[in-house]
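Dear colleague, please keep the sequence and the model open side by side while you go through the points below. They are arranged so that each one adds to the picture drawn before.

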Amino acid sequence: MADGKSVYKIVFLNQGEVFEVYARQVTQGSLFGFVEVEELVFGERSQVVVDPTEERVKNEFRGVKRFHVPLHAVVRIDEVEREGVARVTAPREGAGTVAAFPGPLYPPRDLGKTGR
């Protein structure tokens, strides 16, 4: 990076939609099973044209310092050269509407067995 600060593109699922945001910090965080995202970056435009999808993301995260995404909802995290346009999209046609129910990250122990 020219300025020494990395920029990350985070793609995650939220209530049936695919969010794509850019941030300066992405960590495992202190909440178990969550990815912590801080310092959101939105492209500063000198144009008069306004992108409604980017405006929706800006409004969604207005005033948010840090947010947590469940690990199972993260689709992809990339380190990129520069920020792009934040957006919200619907899943692709034919991608299916069935979502996996979040389960435990570690399988529960079988407490019914003896001899351990």
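1. A definition comes before anything else: helices (H or I, at least four residues) and strands (E, at least two) are DSSP runs, and they are numbered from the N terminus. With that in hand, Val-41 can be placed, for it belongs to strand 3.

2. Please remember throughout that this is a predicted model. The protein chain has an average pLDDT of 80, and 69% of the residues score at least 70. Confidence is lowest in helix 1 (residues 52-60), where the mean is 83, whereas it is highest in strand 5 (residues 74-80), at 94.

3. The first pairing to trace joins strand 1 (residues 7-14) to strand 2 (residues 17-27), which run in the antiparallel sense and are linked over seven bridges. Within this pairing, Phe-12 has Phe-19 of strand 2 as its bridge partner. The two strands form a hairpin with two residues between them, and Gln-15, which sits in the turn, has a positive phi of about 50 degrees.

4. Strand 2 also pairs with strand 3 (residues 34-41), again in the antiparallel sense, this time over five bridges. Here Tyr-22 stands opposite Val-41 of strand 3. This hairpin has six residues between its strands, and Gly-29 in its turn shows a positive phi of about 80 degrees.

5. A further partner of strand 2 is strand 6 (residues 87-89), and these two are antiparallel over three bridges. Opposite Glu-20 one finds Arg-87 of strand 6, and the side chains of this pair also form a salt bridge, in which the closest N and O atoms are 3.7 Å apart. Because Arg-87 lies in strand 6 and Glu-20 in strand 2, the salt bridge ties together parts that are 67 residues apart in sequence. The two partners are worth checking for exposure: Arg-87 counts as partly exposed, at 36% relative accessibility, while Glu-20, at 16%, counts as buried.

6. Is Val-41 buried or exposed? Its relative accessible area is 10%, and since buried means under 20%, Val-41 is buried. Leaving out residues up to four places away in sequence, Val-41 touches Tyr-22, Ala-23, Arg-24 and Glu-83. One of these contacts reaches far along the chain, for Val-41 and Glu-83 are 42 residues apart in sequence, yet their C-alpha atoms are separated by 6.8 Å.

7. Which residues touch the most other members of the largest nonpolar core? Among its 15 residues, they are Phe-12, Val-21, Val-37, Val-57, Phe-61 and Phe-67. Strand 1, strand 2, strand 3 and strand 4 (66-70) each supply at least two residues of this core, and the largest share, three residues, comes from strand 2. Val-57 deserves a separate look, since, with its neighbours within four places in sequence left aside, Val-57 is in contact with Val-21, Phe-42, Ala-86, Arg-87 and Val-88.

8. How many salt bridges does a search of the whole structure find? The search finds seven, and one of them joins Lys-5 to Glu-39, with the closest N and O atoms 3.6 Å apart. Lys-5 lies in the segment before strand 1 and Glu-39 in strand 3, so this pair ties together parts that are 34 residues apart in sequence. Lys-5 is partly exposed, with a relative accessible area of 41%, and Glu-39 likewise counts as partly exposed, at 36%.

9. The last pair to inspect is Arg-66 and Glu-36, whose side chains meet in a salt bridge at 3.7 Å, N to O. Since Arg-66 lies in strand 4 and Glu-36 in strand 3, the pair ties together parts that are 30 residues apart in sequence. Arg-66 counts as partly exposed, at 45% relative accessibility, whereas Glu-36 is buried, with a relative accessible area of 11%. Glu-38 should be looked at together with them, as salt bridges that share partners join Glu-36, Glu-38 and Arg-66 into one network.

Note on methods:
Residues numbered from 1 in each chain as written. Heavy atoms only, no water. Pairing = 2+ DSSP bridges. pLDDT = per-residue confidence, 0-100. Buried < 20%, exposed > 50% of the residue type's maximum accessible area, 1.4 Å probe, protein only. Contact = heavy atoms within 4.5 Å. Core = buried A, V, L, I, M, F, W, Y, C linked by side-chain atoms within 4.5 Å. Salt bridge = Lys/Arg side-chain N within 4 Å of Asp/Glu carboxyl O.
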